[in-house]
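User: Hi, could you walk me through this structure, taking it one piece at a time?

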Amino acid sequence: MNYDTLVNKERIYLINKKLHDGDASHVVLTKVVRETEVLEVLLLCSNRITLADGTFTNALSHNKTLRVLNLYNNKIGIEGAKRLADALKVNQNLEQLHLGYNHIGDKAAQILADSFAVNKSLRQIWLNGNRIGDKGAQKLANALARNYAPIQVTLFENNISSDMKKNIQSIYNIMANRDDEITTKNEELARKDEEIASKDEYIASLKSTLEQLEQAITKKGSRKHVSFGTPDSLGGVMGHGNNKRRRIGHKYDVNLSAISRPESSAQVQERTLIED
């Protein structure tokens, strides 16, 4: 078993390989579980793993990527269940845990139940074929009720009564319905957030438009207006006979030599006698 090869795999299948705690392959696998950044699925079915020495479960508590762990048909027992329970209280990324046919029994089931109550990532647990009775099943039911997330537990081929099975299923249904309600409310809140964001964008757009209009109005008001002068200013200009042109306002020039002065009454009489 090569570490460099396994550490880069997203899925590892080691089924019926006679793996057991402490052998060379188990040591390599434990290191992979601790140090991997990509492993998501690990199948270790039909081996001889007990988890009793705590090396694998310690690595599991540090793992940040594994979603599926299948330990079907191994030899976990009570001591391995203790080690696994400690790891599950820390690990918050594992979603599916297969522990079918592992000689767990009521006592080990009660130990595991405590970790199921606090783990927030587990969604499916297989405990079939483990000689679990109503006592262990009741502990599991209590753990499910304490956890805010719905966890589906498979318990067929155990020593559990029909009433207890119904009780566990009822608890799961309640938790699942509550989870659906929470999901619906979160979706509604998300839609409201989107509506608010859309309104904020619309308000920001209006504000930008108003600012542009204000800038345009301010710019227009600051322009210089054309002035054509007043009669007084025009007369003042005309009073200077030596000036040929004088600027009136800002844009227009007037040829003052072309403007005649009004005649006096004596000038009018003189012009009349000459014409006669």
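**Salt bridges and their surroundings**

Analyst: A salt bridge, that is, a side-chain nitrogen of Lys or Arg within 4 Å of a carboxyl oxygen of Asp or Glu, joins the side chains of lysine 139 and aspartate 114, with N and O 3.7 Å apart. The partners come from distant parts of the chain, 25 residues apart, with lysine 139 in helix α6 (residues 134-146) and aspartate 114 in helix α5; helices here are DSSP runs of H or I with at least four residues, strands are runs of E with at least two, and both are numbered from the N terminus. Please keep in mind that this is a predicted model, in which local features need pLDDT of at least 70 and side-chain atom pairs count only at pLDDT 80 or more, while totals for chains, interfaces and linings use all residues. Residues are numbered from 1 along each chain as its sequence is written, and side-chain values use heavy atoms, with hydrogens and water left out.

User: Why would two side chains pair up like that in the first place?

Analyst: Side chains of opposite charge can pair when their charged atoms come close.

User: And are lysine 139 and aspartate 114 buried or exposed?

Analyst: Each falls in between: lysine 139 is partly exposed at a relative accessible area of 29%, and aspartate 114 is partly exposed at 30%. The classes are buried for under 20% relative accessible area, exposed for over 50%, and partly exposed in between, using a 1.4 Å probe and protein chains only.

User: What does lysine 89 touch?

Analyst: Leaving aside residues up to four places away in sequence, lysine 89 touches Asp114, Ser115 and Val118, where contact means heavy atoms within 4.5 Å. Lysine 89 is in the loop between α4 and β4, and its C-alpha is 8.5 Å from that of aspartate 114, although the two residues are 25 apart in sequence.

User: How many salt bridges are there in the whole structure?

Analyst: The search finds three. Besides the one already described, the side chains of arginine 67 and glutamate 40 meet in a salt bridge, 3.2 Å from N to O. Because arginine 67 sits in the loop between α3 (55-62) and β3 while glutamate 40 sits in the loop between α2 (24-35) and β2 (41-43), this pair ties together parts that are 27 residues apart in sequence.

User: What about glutamate 95, which residue does that one pair with?

Analyst: Glutamate 95 forms a salt bridge with arginine 67, and their closest N and O atoms are 3.9 Å apart. Glutamate 95 lies in the loop between α4 and β4 and arginine 67 in the loop between α3 and β3, so parts 28 residues apart in sequence are tied together. Glu40, Arg67 and Glu95 are thus linked in a network of salt bridges.

User: Changing topic, how many aromatic pairs are there?

Analyst: The count comes to one aromatic pair, under a rule by which rings of Phe, Tyr and Trp (its six-membered ring) pair if their centres lie within 6.5 Å, with planes under 30 degrees apart counting as stacked, over 60 as edge-to-face and the rest as tilted. Tyrosine 72 and tyrosine 101 form it, edge-to-face, at 5.5 Å centre to centre and with 75 degrees between the planes. Tyrosine 72 is in the loop between β3 (68-70) and α4 (77-88) and tyrosine 101 in the loop between β4 (96-98) and α5 (105-118), so the pair connects parts that are 29 residues apart in sequence.

User: Is asparagine 158 buried or exposed?

Analyst: Asparagine 158 is buried, with a relative accessible area of 13%, and it lies in the loop between β6 (152-154) and α7 (162-221). A polar atom of its side chain is 3.0 Å from the backbone nitrogen of arginine 131, and the backbone oxygen of phenylalanine 156 lies 3.4 Å from a polar atom of the side chain of asparagine 158.

User: And isoleucine 203, where is that?

Analyst: Isoleucine 203 is in helix α7 and is exposed, with a relative accessible area of 51%.

User: To finish, how many helices and strands are there, and what share of the residues is buried?

Analyst: The protein has nine helices and eight strands, and buried residues make up 34% of its 276 residues.

How values were computed: Polar contact = N/O pair within 3.5 Å; in protein donor to acceptor, adjacent residues only side chain to side chain.
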